[in-house]
Amino acid sequence: MEHMPSACPEETKRRRPRYSVAHQSALCGGLGLFLAFFGLIQTYAGLRVTFHPPFTASSPGEVFFWLGFVLLLVPGALLLGYGLSPLSAPQIKKTWFRLQSLNRKQRIASLLLLFVLAALSARMSHRLILRDYPLTDDEYATRFGGQVLASGRVTAPEPEPYQAYSTLFLFHRNQTVTSVDWPGPVAAWAASEWTGTGPLIFALSAAAAAAAVAAVCAILFSPGYGLAAFLLFFFSPMAFLLSATTHAHVLSRAAIALTILFYVQAKRKPSAVLWAVTGFLAAWAFCCRPMETTALLFPLFADFAAGAFRAKGPKQREMGFFLLGAVLPLALFALYNGLITGSFAGPPRFFMEGPGDTIAGESLWNRLGANTGYNLFMLSIWFLGPLGVAAVVFGVGKSRLNRLLGLGVGLNLLAGLLHDNHGIHIVGPIHYSECAVPLTIIALSGLMTMKDKLVRAGLSAPVFAAMIAGALVFGMGTFLAWQGGALNAQARIQSEIYGGIERTLESRGVPSAVVIAPRFADIWRANPEFKERGTWVFEWRRARPDLSDKYLIVQEMSGAAGIFREKFPDRPVYRLTVEPRPPYWSLAPAER
């Protein structure tokens, strides 16, 4: 495939940019489209993003935001990229030649640098965008499971009285309790508890996905295209914003990206170790999110297995090493299930949600529209917008690997026909978060194809690269800033309520306490601003398994004050009540 046109680096020496009428017109047009986008704030719907059930609900402002992004921001960003190309294209060309001249050690060092930058970005995004709070109740519940596992058990004794504690997404059986989530994310949170590093393991996993995508494309094409893949992934709204969270999808996405990396390398240079590591990573991804992992990776390994069974000798041994690598994670997956549910093949989530009821819950037509179709629609917006759609269309048929990856994405979408859990879309279509990995690889191939066609039509490759850079920086960057601001606003709900409780008690010299409160959703819905914005957190944070929380928040019930004074004689008991005026709650010693 044709790469950047060759030229001596001296040709890219600094010159004063020369802006033609076409460049000036493009700049004016791009700025005009951006101005029109932000002008939508003045419409009745505005551009306000809110966070309310059901999963497929979208506010009028959110829909306007998406339409403005597709119809105004992306075209405007491409125009800005072209208009600024006299300045940016020579620098892109210069960087390209430098990347092509890197030796092996320099390439590895560059990849490590990208990994560190991505990890810092993910960790700071969790801090600055989400204020170090979970995005959904799932994350609180999964962390609880990690705390249980870190204590050396798979379940903890249920706290009493059980109905007073927040238990959403917890699995309760035989007077014991743990998270309903898969063992992979539970193990990740256990490692976090052991090391005291908080969400760092999720930030490192987010970075691993970005670096693995870059490494795959550097191997398949060149270091320059590896960097391009990294930037596509990094600026994808669904990839960037998921990286700010501590959801299980961050872990499975990283494992799938690493699986594809080792798969590509093992196909190029087969070895027992590479295939065993590939099997291990695929099984680890399964432990984090089994259904999505199976759908995405099935075409790759079905193709691999078919080739191994047709061949003799080495190919079959490679399959053996792959299966050997997968044994340990899958065995631990089954053991974890068996210890919690009593069934090695029955994960807690299946027992909680009831797969039979889920499959029978809605009509096939409903699932096609509200799950598969809806999430395809979300992917077309959240991956890279219309630029991503075009790039994937041009790239999906360019290689056998791309066709297999595209088939995996298709199977993942078709899996939506088997259930009616549509998933939230506030950081992209969350149930399809892992699709960002194969879609980036496919999209890069598509952009290369588009570049070749445009070069033959007379557009220079550096100018095309400048336009794509404009789309990423200005188009995707604006999307990220706007959605990130909305996510920050919803995180403020938790920050102000929890922070307010802590500040109030600390100011009264109360080092620890039990706080009896209404449901968390009742508190934030009492605040008109919070009620309008909304959040996907409805329950109080889960109490630690040993109930050692500094301020233990329990839910109101009959006789709660007496019950908790008796259970915690060394702690004062307070009651949180809803008020009609700011801050819309009050905290006072519980009298009864």
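Is Glu502 buried, partly exposed or exposed, and what is its relative accessibility? In this predicted model, Glu502 comes out as partly exposed because its relative accessibility is 27%. The side chain of Glu502 meets that of Arg541 in a salt bridge, with 3.7 Å from N to O. Glu502 belongs to helix 20 (residues 461–507), while Arg541 sits in the loop between helix 22 and strand 5, so this pair ties together parts that lie 39 residues apart in sequence. Arg541 is partly exposed too, at 22% relative accessibility.

That pair is one piece of a wider set, as the structure holds 17 salt bridges. Another one joins Glu532 to Arg48, and here the closest N and O atoms are 3.3 Å apart. This link spans distant parts of the chain: Glu532 is in helix 22 (residues 528–533), Arg48 is in the loop between helix 1 (21–39) and helix 2 (60–83), and 484 residues separate the two. Glu532 has a relative accessibility of 45%, so it counts as partly exposed. Arg48, at 31%, also counts as partly exposed.

Asp137 and Arg542 give a rather different picture of their surroundings. Their side chains form a salt bridge at 3.1 Å, N to O. Asp137 is part of helix 5 (residues 137–150) and Arg542 is part of the loop between helix 22 and strand 5 (551–555), so parts 405 residues apart in sequence are tied together. Asp137 is buried, with a relative accessible area of just 1%. Arg542 counts as buried as well, because its relative accessibility is 6%, and the cut-off for buried is under 20%.

Next comes the nonpolar interior. The largest nonpolar core has 141 residues, and among these Ile260 and Trp540 touch the most other members. Helix 20 is the biggest giver to this core, supplying 14 residues. Leaving aside residues up to four places away in sequence, Ile260 touches Val216, Leu297, Leu300, Leu405, Val437 and Ile441. A second core, separate from that one, has 15 residues, including Val514, Leu547, Leu552 and Ala561.

Leu405, one of the contacts of Ile260, leads on to helix 18. This helix covers residues 400–414, 15 residues in total, and reaches 21 Å from its first C-alpha to its last, close to the 21 Å expected at 1.5 Å a residue. Its buried residues are Leu401, Asn402, Leu404, Leu405, Gly408, Val409, Asn412 and Leu413. What do these buried residues of helix 18 pack against? Their partners are helix 7 (200–220), helix 10 (248–268), helix 12 (290–310), helix 16 (364–382), helix 17 (385–395) and helix 19 (436–456).

Some nonpolar side chains are found at the surface instead. Phe280, Leu328, Leu332, Leu335, Leu339 and Phe344 make a nonpolar surface patch of about 600 Å². Helix 13 (residues 314–341) gives the most to the patch, with four residues. Leu339 is found in helix 13, and it counts as exposed because its relative accessibility is 51%, where the cut-off for exposed is over 50%.

Conventions:
Residues numbered from 1 in each chain as written. Predicted model: local features only at pLDDT ≥ 70, side-chain atom pairs only at ≥ 80, totals over all residues. Heavy atoms only, no water. Expected span 1.5 Å × (residues − 1). Buried < 20%, exposed > 50% of the residue type's maximum accessible area, 1.4 Å probe, protein only. Contact = heavy atoms within 4.5 Å. Patch = residues over 30% accessible without salt bridge, like charges linked within 9 Å, V, L, I, M, F, W, Y side chains within 5 Å. Areas by Shrake-Rupley, 256 points an atom, 1.4 Å probe, with all protein chains shown as cover. Salt bridge = Lys/Arg side-chain N within 4 Å of Asp/Glu carboxyl O. Core = buried A, V, L, I, M, F, W, Y, C linked by side-chain atoms within 4.5 Å.
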